[in-house]
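Reader: I would like to go through this model term by term. Please justify each label as we go.

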Amino acid sequence: VASAVRDAMTAAVEGEFAGPYAGGAKVPGVRTAGKSGTAELAPGERPHSWFTGFAPARDPRIAIAVVIENGGSGSSAAVPLGGRLMRAWLERFDPARDDP
């Protein structure tokens with residue numbers, strides 16, 4: 001089951017249709033996995049934005065969860081922030097970043 005979830009989360013960031021959703025979390029040169037979401041609230045309130053992800057996908061060294069209250073859609077707020085945080089961590093603490 002964990003393998004299937006990992007593969008689905010990798011496709012959400014790396015796959016053909018990832019671009020408008022979780023694709024913004026892609027760490028260059030590293031297979032990245034993640035899932036974005038938008039938690040709708042009461043009418044007239046901005047939704048919460050969230051993203052959870054990890055990298056490298058097959059041998060994770062960083063895992064992250066981002067929630068931005070009233071941040072809007074997941075893809076526009078939490079996804080890019082999650083990607084930037086994972087990239088910064090990998091560049092600082094794991095510069096080799098290979099993912100077989």
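Reader: Why is R6 called buried?

Author: R6 has a relative accessible area of 19%. Buried means under 20%, exposed means over 50%, and partly exposed is in between, with a 1.4 Å probe and protein chains only. So R6 counts as buried.

Reader: What kind of model is this, and how are residues numbered?

Author: It is a predicted model: local features need pLDDT of at least 70, side-chain atom pairs count only at pLDDT 80 or more, and totals for chains, interfaces and linings use all residues. Residues are numbered from 1 along each chain as its sequence is written, and side-chain values use heavy atoms, with hydrogens and water left out.

Reader: Where is R6, and which residues does R6 touch?

Author: R6 sits in helix α1, residues 2–14. Helices are DSSP runs of H or I with at least four residues, strands are runs of E with at least two, and both are numbered from the N terminus. R6 touches A33, F54, A57 and R58, leaving aside residues up to four places away in sequence. Contact here means heavy atoms within 4.5 Å.

Reader: What makes the pair R6 and S3 a polar contact?

Author: Their side chains are joined at 3.3 Å. A polar contact is a pair of N or O atoms within 3.5 Å; within protein, one must be able to donate a hydrogen and the other to accept it, and residues adjacent in sequence count only if both atoms are side-chain atoms.

Reader: Why is A12 called partly exposed?

Author: A12 is also a residue of helix α1. Its relative accessibility is 24%, so A12 is partly exposed. A12 and A22 are 10 residues apart in sequence and 5.8 Å apart in space, C-alpha to C-alpha.

Reader: How do you know that β1, β2 and β3 form one sheet?

Author: The strands pair in the order β1-β2-β3, antiparallel, as an open sheet of 3 strands. Two strands pair if DSSP finds at least two bridges between them. β1 and β2 have 7 bridges. β2 and β3 also have 7 bridges. Strands of a sheet pair through backbone hydrogen bonds, either parallel or antiparallel.

Reader: Which residues face each other across these strands?

Author: G34 has G53 in β2 as its bridge partner. W50 stands opposite V67 in β3. F51 has V66 as its bridge partner in β3, and F54 stands opposite A63 in β3. A hairpin through 6 residues joins β2 to β3.

Reader: What makes β1 and β3 edge strands in the sheet of 3 strands?

Author: In the open sheet with order β1-β2-β3, β1 and β3 each pair on one side only. The twist averages 5 degrees from one strand to the next. Axes are lines fitted to C-alpha atoms, for helices over the stretch in contact, and angles run from 0 to 180 degrees between N-to-C directions.

Reader: How do the helices lie on the sheet?

Author: α1 lies across β1 and β2, at about 75 degrees to β1. α2 packs on the sheet and touches β1, β2 and β3; its direction makes about 150 degrees with that of β3.

Reader: What span is expected for α2, and what does α2 reach?

Author: The expected span is 1.5 Å times one less than the number of residues. α2, residues 78–93, has 16 residues, and 22 Å is expected. From first C-alpha to last, α2 reaches 22 Å, close to that expectation.

Reader: Why are the buried residues of α2 said to be on the same side?

Author: The buried residues are A78, V79, G82, G83, M86 and L90. They cover an arc of only 130 degrees around the axis, which puts them on the same side of α2. The arc is that of the directions from the helix axis to the C-beta atoms. Their cover includes β1, β2 and β3.

Reader: Why is S36 called buried?

Author: S36, in strand β1, has a relative accessible area of 10%, so S36 is buried. S36 touches residues including Y21, W50 and V79.

Reader: What makes N70 and P56 stand out in their backbone?

Author: Most residues other than glycine have a negative phi, and most peptide bonds are trans. N70 has a positive phi of about 55 degrees although it is not a glycine. N70 lies in the loop between β3 and α2. The bond from A55 to P56 is cis, with omega near -20 degrees.
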